[in-house]
Amino acid sequence: MPSRSIERYELYMYMGALFNTAIKWIQNGTRESEEDITGMFCKACGITEENRER
């Protein structure tokens, strides 16, 4: 990806969301299952079962 490409910001956006989700999940004692957290994150990012396999 070119260093001036606007798409590079998308990577930072998703990584920030993932990192903050993980922090909050751990702070709350990991009460939800890993599968529930993964499903919620994928849904929020528009990732479906079909394209998760890729």
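# A guided tour of a three-helix model

Read along the sequence, the protein follows the pattern α-α-α. The model is a predicted one, with 3 helices and 0 strands. Before selecting anything, display the whole molecular surface. The protein exposes about 4,900 Å², and carbon and sulfur atoms supply 57% of that area. Of its 54 residues, 11% count as buried.

**Stop 1: helix H1 and the surface patch**

Select residues 8-27, which form helix H1. The end C-alpha atoms of H1 are 29 Å apart, in agreement with the 28 Å that its 20 residues should span at 1.5 Å a residue.

Now show the side chain of Tyr-12, which is found in H1. Is Tyr-12 buried or exposed? Its relative accessible area is 60%, so Tyr-12 is exposed; the cut-off for that class is over 50%. Add Ile-6 and Tyr-9 to the selection: together with Tyr-12, these residues make a nonpolar surface patch of about 390 Å².

**Stop 2: from H1 to H2**

Move on to Gly-29, which follows H1 and has a positive phi, near 85°. Next select Thr-30, in the loop between H1 and H2. The phi of Thr-30 is also worth displaying: it is near 50°, a positive value in a residue other than glycine. With a relative accessible area of 38%, Thr-30 is partly exposed.

**Stop 3: the two sides of helix H2**

Select residues 34-45, the 12 residues of helix H2. From its first C-alpha to its last, H2 reaches 16 Å, close to the 16 Å expected at 1.5 Å a residue.

Which residues of H2 are buried? They are Ile-37, Phe-41, Cys-42 and Cys-45. Turn the view to look down the axis of H2: the buried residues fall within an arc of 125°, so they line one face of the helix. A general feature of helical geometry is relevant to this view. An α-helix has 3.6 residues a turn, so residues three or four places apart point the same way.

Then colour Glu-35, Asp-36 and Lys-43, which are exposed on the other side of H2.

**Stop 4: the cysteines of H2**

Return to the buried face and show the sulfur atoms of Cys-42 and Cys-45. How many disulfides does the model contain? The count comes to 0, the criterion being a pair of cysteine sulfur atoms within 2.5 Å. Cys-42 is in no disulfide, and its nearest cysteine sulfur, that of Cys-45, is 7.0 Å away. Cys-45 likewise is in no disulfide, its nearest cysteine sulfur being that of Cys-42.

Both residues can be checked against the cut-off for burial, which is under 20% relative accessible area. Cys-42 has a relative accessibility of 10% and therefore counts as buried. Cys-45, at 18%, counts as buried too.

**Stop 5: Gly-39 and the end of H2**

Select Gly-39, placed in helix H2. Its relative accessibility is 27%, so Gly-39 counts as partly exposed. Draw a distance from the C-alpha of Gly-39 to that of Glu-49: the two residues are 10 residues apart in sequence and 9.3 Å apart in space.

Finish at Gly-46, the residue that follows H2. The phi of Gly-46 is positive, near 75°. The tour has thus passed a glycine with positive phi after H1, namely Gly-29, and another after H2, namely Gly-46.

Note on methods
Residues numbered from 1 in each chain as written. Predicted model: local features only at pLDDT ≥ 70, side-chain atom pairs only at ≥ 80, totals over all residues. Heavy atoms only, no water. Helix = DSSP H or I, 4+ residues; strand = E, 2+ residues; numbered from the N terminus. Expected span 1.5 Å × (residues − 1). Buried < 20%, exposed > 50% of the residue type's maximum accessible area, 1.4 Å probe, protein only. Arc of directions from axis to C-beta. Patch = residues over 30% accessible without salt bridge, like charges linked within 9 Å, V, L, I, M, F, W, Y side chains within 5 Å. Areas by Shrake-Rupley, 256 points an atom, 1.4 Å probe, with all protein chains shown as cover. Salt bridge = Lys/Arg side-chain N within 4 Å of Asp/Glu carboxyl O.
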